[in-house]
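Student: I've got a new structure open and I'd like to learn how to read it. Can you walk me through it?
Tutor: Sure, let's take a look together.

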Amino acid sequence: MEQYAIKGGIPLVGEVEIGGAKNAALAILAASIMTDETVLVENVPDVRDTNVLLQAMQSIGAIVERVDRHTVKINGAHINSLTIEDDYIKKIRASYYLLGALLGKYKKAEVSLPGGCNIGSRPIDQHIKGFKMLGAEVKIEYGLIATEAPKLVGSHIYMDVVTVGATINVMMAAAMAEGLTIIENAAKEPHVVDLANFLNSMGANIKGAGTDVIRIKGVEKLHKTEYAIIPDQIEAGTFMMAAAVTKGDITVKNVIPKHLESISAKLQEIGCEIEESDDAVRVVSSKRLTHTQVKTLPYPGFPTDMQPQIAVALALSEGTSIVTESIFENRFKYVDELTRMGADIKVEGNTAIITGVTKYTGASVTAPDLRAGAALVIAGLGAEGYTTVDDIKYIERGYEDFPAKLQGLGAHIEKVETEKDFRKFQLEVV
Ligand code: EPZ
């Protein structure tokens with residue numbers, strides 16, 4: 001079984017280039033088929049989730065040409081099926097963005113009910129409500145969500161919860177509805193803004209993305225565009241936490257520092273030094289960090305996708321920290337694994353009470369999901385001795401070249417497949 005082998009205890013030092021945002025890419029790639037003209041998308045991260053989505057788009061007739069590792073040309077003129085039903089696509093949550101994209105363009109779509117990371121119950125009621133308010137019928141049967149509309153008509157939609165996915169899905173469908181749609185209580189995440197900018201570059205008329213009211217005037221047709229995806233806020237934040245945990249000095253490059261503010265502020269609060277420039281953030285961690293409280297919130301609050309990584313830093317910080325997860329109920333599954341490395345964490349409901357310890361020791365651990373998996377890698381890098389992280393398929397969903405980027409900062413980490421590989425790694429890094 002593939003796993004990461006890690007020898008910890010080395011401060012990570014240097015610069016790391018951050019790739020395109022996975023969660024923006026998933027929305028933008030899906031939206032690319034909304035025109036019959038060819039769209040060029042740059043800065044697409046080469047990770048499992050984006051590749052699975054591209055495959056699904058090809059399976060319904062989209063032409064996908066890889067210009068280079070991070071650039072794709074997509075043409076949606078010859079879509080020959082509005083049903084996306086395969087076992088693979090169920091594994092990625094963002095498959096449901098094809099619903100909004102196809103419903104907008106063809107007024108009909110059927111997609112397997114989405115899966116994704118197992119981080120809690122993930123209802124889709126707001127997506128369904130949004131589509132219905134635009135005039136579509138929505139049915140769930142035979143494991144598919146099927147939606148169809150004689151025509152889509154703009155509407156005033158109030159989201160009951162702040163949801164990235166429903167905001168994105170409804171925005172796509174409404175971009176090609178008749179008249180004005182207003183989404184209230186919309187998500188404000190950078191990738192929501194990136195999708196709106198992308199759709200506008202294709203001729204859509206979307207205003208207010210990045211605030212909680214988005215106004216969309218539907219257009220009949222979208223056209224070709226060339227567009228570069230924003231940098232990945234969470235990949236950047238993960239490397240920032242790696243600096244904190246390993247007592248390192250890491251500059252994350254090719255980022256938008258504004259998107260990282262909630263992460264930078266917490267790191268500063270617990271004792272890291274932060275230096276910002278136009279497109280880079282440097283994190284220096286030179287002393288024992290101190291405790292704090294963190295509550296995950298929709299953007300611009302502290303991201304739920306960074307909760308496991310900051311918990312790994314806080315579990316090594318002096319004093320008692322409290323981490324409250326307010327977005328997904330099942331995002332503390334890494335705690336038992338981290339406990340095996342020496343952490344002292346008690347979970348009560350949606351709160352983790354973390355009593356700082358002075359060190360982690362290496363252990364064999366298993367990634368329970370994407371971000372928790374990355375957090376365990378960081379813990380391994382900060383631990384004394386050897387750690388193996390299993391189920392790295394989760395990590396590979398969202399981190400491109402994770403071991404190579406960490407190696408570039410001086411980390412001893414390798415992807416290994418067999419016990420023999422692991423022993424070889426141990427001999428090499430002694
Ligand atoms: C997106 O998931 C991201 N995924 C997640 O990234 C991220 O954790 C999450 O947003 C929050 O930022 C993608 O962009 C592909 P939501 P999404 O709809 O859209 C509730 C990662 O690690 N809700 O904003 O599924 C829901 O239960 C991942 O990259 C409803 O009640 O999240 C949750 O409590 C994993 N009804 C809250 O809203 C709905 O119809 C926020 O969910 C939809 C959501």
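**Cores and ligand**

Student: Which residues have the most contacts inside the largest nonpolar core?
Tutor: Keep in mind that this is a predicted model. A nonpolar core is a set of buried nonpolar residues joined through their side chains. Here the largest one has 76 residues, and I33, L98, L195 and L199 have the most contacts inside it. Take I33: leaving out residues up to four places away in sequence, I33 touches M57, I60, A62, I74, G76, I79, L98, A101, L102 and K105. There's also a second, separate core of 70 residues, with I6, M240, Y334 and V335 among them.

Student: Where does the ligand sit, and which residues are closest?
Tutor: The ligand takes up the space of the largest pocket. It has 26 residues around it, the closest being Q126, V164, D305, I327 and R371.

Student: What about polar contacts to K22, Y96 and Q126?
Tutor: Look for N or O atoms paired within 3.5 Å. For K22, a side-chain N or O atom is 2.9 Å from a ligand oxygen. Y96 has a polar side-chain atom 3.3 Å from a ligand oxygen. With Q126, a polar backbone atom is 2.8 Å from an oxygen of the ligand.

Student: How much of the ligand's accessible area does the protein cover?
Tutor: On its own the ligand has 840 Å², and the protein covers 90% of that.

Key:
Residues are numbered from 1 along each chain as its sequence is written. This is a predicted model: local features need pLDDT of at least 70, side-chain atom pairs count only at pLDDT 80 or more; totals for chains, interfaces and linings use all residues. Side-chain values use heavy atoms; hydrogens and water are left out. A nonpolar core is a set of buried Ala, Val, Leu, Ile, Met, Phe, Trp, Tyr and Cys residues joined through side-chain atoms within 4.5 Å. Buried means under 20% relative accessible area, exposed over 50%, partly exposed in between (1.4 Å probe, protein chains only). Contact means heavy atoms within 4.5 Å. A residue is near a molecule or strand if one of its heavy atoms lies within 4 Å of it. A polar contact is a pair of N or O atoms within 3.5 Å; within protein, one must be able to donate a hydrogen and the other to accept it, and residues adjacent in sequence count only if both atoms are side-chain atoms. Accessible areas come from the Shrake-Rupley method with a 1.4 Å probe; for residues, only the protein chains shown count as cover. On a 1 Å grid over the protein atoms alone, a cavity is a set of points where a 1.4 Å probe fits but cannot get out, and a pocket is an open set with protein on both sides within 12 Å along at least five of seven lines; lining residues have an atom within 4 Å of a point. A molecule sits in a cavity or pocket if more than half of its atoms lie within 2 Å of its grid points.
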